[in-house]
Each structure stands twice: as structure tokens, then as C-alpha cells.
Amino acid sequence: EGLSRLQCGVFSIGDADDDLRRLLRLAETRTRLIATLLDATEPGDLIEALNHHLGGAHGIACCTLWARLPGEGWVHWSGRSHCQPSPVGPPAGGGRVGLPGEPPALLLLETQRGASLDPDLLELLRDLAPGIRQLLDRWIERSEAEDQLRLLQAEAHTDPLTGLLNRRALEQAVPEGSYGLICLDLDRFKAVNDTYGHDAGDRVLRRVVEELKRCHRQADRLY
């Protein structure tokens with residue numbers, strides 16, 4: 001009976017020691033992830049840090065961030081870069097930590113074989129969820145601004161009727177070295193506009209562009 005009590009006491013001390021080490025690891029992980037959140041400019045930076053800090057000791061095999069972008073679909077990060085938008089959302093299973101706000105987003109945690117999710121680790125990530133949401137929102141705003149800028153640049157360098165590059169694009173894209181420039185003019189085009197109207201003239205121009213696109217070489221540029 002005395003030996004049993006002694007063994008029980010040893011086991012209790014050992015369990016308490018393991019639990020203390022686990023809590024210390026969590027505290028250290030929290031500190032490092034908060035520092036990453038403060039410095040990160042891309043969601044991929046955070047996910048890379050999560051995979052680094054949560055693997056091994058915390059039993060996490062993979063951590064991914066999923067977000068459903070309006071009008072585009074789901075994107076996800078498993079490292080620094082993100083995948084292209086897809087209608088397919090996060091797979092079933094694994095631990096999930098939802099991010100507050102819109103658009104829908106979540107952290108998906110996959111454990112290593114034989115490991116179980118630590119409830120305290122999930123609680124830690126839930127505490128960090130508002131900060132992760134802010135990082136994601138900044139990335140979305142930046143991406144939308146970059147898309148809008150690309151659209152405006154394309155509109156400024158594109159003829160709205162034919163879709164070809166315009167004179168502004170030609171003046172900015174003069175190549176170095178030797179090159180050839182072929183100018184086309186349509187005979188009796190003014191007569192088409194005067195006789196059948198400008199809508200008919202527009203259709204003629206679009207049809208000419210279709211023929212040019214069909215026969216021009218890959219290295220050629222149409223303006």
C-alpha cells in the first residue's frame with residue numbers, strides 16, 4: 001500500500017511537470033505569434049509562422065487560412081503565397097478557428113498522426129482571431145486597390161471600341177533597337193459611316209480587328 005501511494009505521487013508530479021511545460025510552450029508561442037502579427041504585412045507571413053511554431057511540440061501538421069472573397073470564391077494560404085480563387089471551400093475535419101466579421105474566414109488545423117488538439121491552443125488562436133482578421137482585411141483592401149489600379153491602367157491604354165492598345169500605349173511601348181511598324185487605312189471607310197451610320201462603321205472596325213487577330217504573329221502587337 002505504501003508503494004502504491006509513492007508511485008501515485010511520482011505520477012502526479014510527472015503529470016504536473018508535463019502540464020507546466022505545455023503551458024510554458026503555449027505562452028512562448030503566444031508571444032511569438034503576437035510579434036508576427038504586429039510585423040506581418042501578408043497573411044502568408046502569419047501562416048508560415050504558425051506552421052513553424054505549432055508544428056512539433058504542439059502536434060500540428062499543417063495550418064491553413066481560408067477566406068471567401070466576394071465574387072471570386074475561396075482562397076487559402078498554407079505558406080507565404082496563396083492559391084487562386086476556387087469555388088471549393090475548406091475540407092471537412094480538423095480543428096477550426098473562425099475569424100470574426102466578413103467575408104467568412106477561418107483557420108484550419110490538421111494534427112499530426114496520433115495527436116489531439118490542445119484546447120488551450122485553440123483558445124490561444126481564438127484570442128488572436130481579431131488580429132488575424134485585421135491582417136486579412138488589410139490584404140483584401142490592398143488587393144482590391146491593386147486590381148482597381150490595373151483596371152484603370154488597362155482602360156487608359158485600350159481602345160474601348162476594338163479592345164486594341166491605343167496610341168498612348170504605343171508611345172509608351174516603343175522598343176529599343178530595330179522594329180517595323182505597319183499602318184493600315186481602310187478605303188472608303190468614310191462612305192460607310194456616311195451611308196450606313198456610325199454603328200455600321202463600328203462593326204466594320206471590329207470585324208477588321210478580328211481578322212488581324214486571326215492572322216498576326218504571336219510576337220506582333222496590334223494598336
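This tour moves from the nonpolar core to three helical salt bridges, naming at each stop what to select.

The model is predicted: local features require pLDDT of at least 70 and side-chain atom pairs pLDDT 80 or more, while totals for chains, interfaces and linings use all residues. Residues are numbered from 1 along each chain as its sequence is written, and side-chain values use heavy atoms, without hydrogens and water.

**The core**

Begin with Leu50, Trp77, Leu107, Leu125 and Leu136, the residues with the most contacts inside the largest nonpolar core, which has 32 residues. Such a core is a set of buried Ala, Val, Leu, Ile, Met, Phe, Trp, Tyr and Cys residues joined through side-chain atoms within 4.5 Å; buried denotes under 20% relative accessible area, exposed over 50%, and partly exposed the range in between (1.4 Å probe, protein chains only).

Next, colour α1 (2-39), α2 (43-54), β1 (60-69), β2 (73-77), β4 (105-111) and α3 (119-156), each of which supplies at least two residues of this core. Helix α3 provides the largest share, 11 residues. Helices (H or I, at least four residues) and strands (E, at least two) are DSSP runs, numbered from the N terminus. In soluble globular proteins, nonpolar side chains tend to be buried together.

**Trp77**

Centre the view on Trp77 and display its contacts, meaning heavy atoms within 4.5 Å. Apart from neighbours within four places in sequence, Trp77 touches Pro43, Gly44, Ile47, Cys63, Thr64, Leu65, Ala67, His82, Leu136 and Trp139.

**Salt bridges**

The structure contains 10 salt bridges, each a side-chain nitrogen of Lys or Arg within 4 Å of a carboxyl oxygen of Asp or Glu.

Return to α3 and select Glu123 and Arg126, which are 3 residues apart in this helix and therefore separated by about one helical turn. The closest N and O atoms of their salt bridge are 3.7 Å apart. Glu123, at 42% relative accessibility, is partly exposed, and Arg126, at 41%, is also partly exposed.

Move to helix α5 (residues 189-196), where Lys190 and Asp194 are 4 residues apart and so about one helical turn from each other. They form a salt bridge whose closest N and O atoms lie 2.7 Å apart. Lys190 and Asp194 are both exposed.

Finish in helix α6 (residues 198-215) with Arg207 and Glu211, 4 residues or about one turn of the helix apart. Their salt bridge has its closest N and O atoms at 3.4 Å. Glu211 is partly exposed, with 29% relative accessibility. Add Arg214 to the selection to show the network of salt bridges linking Arg207, Glu211 and Arg214.
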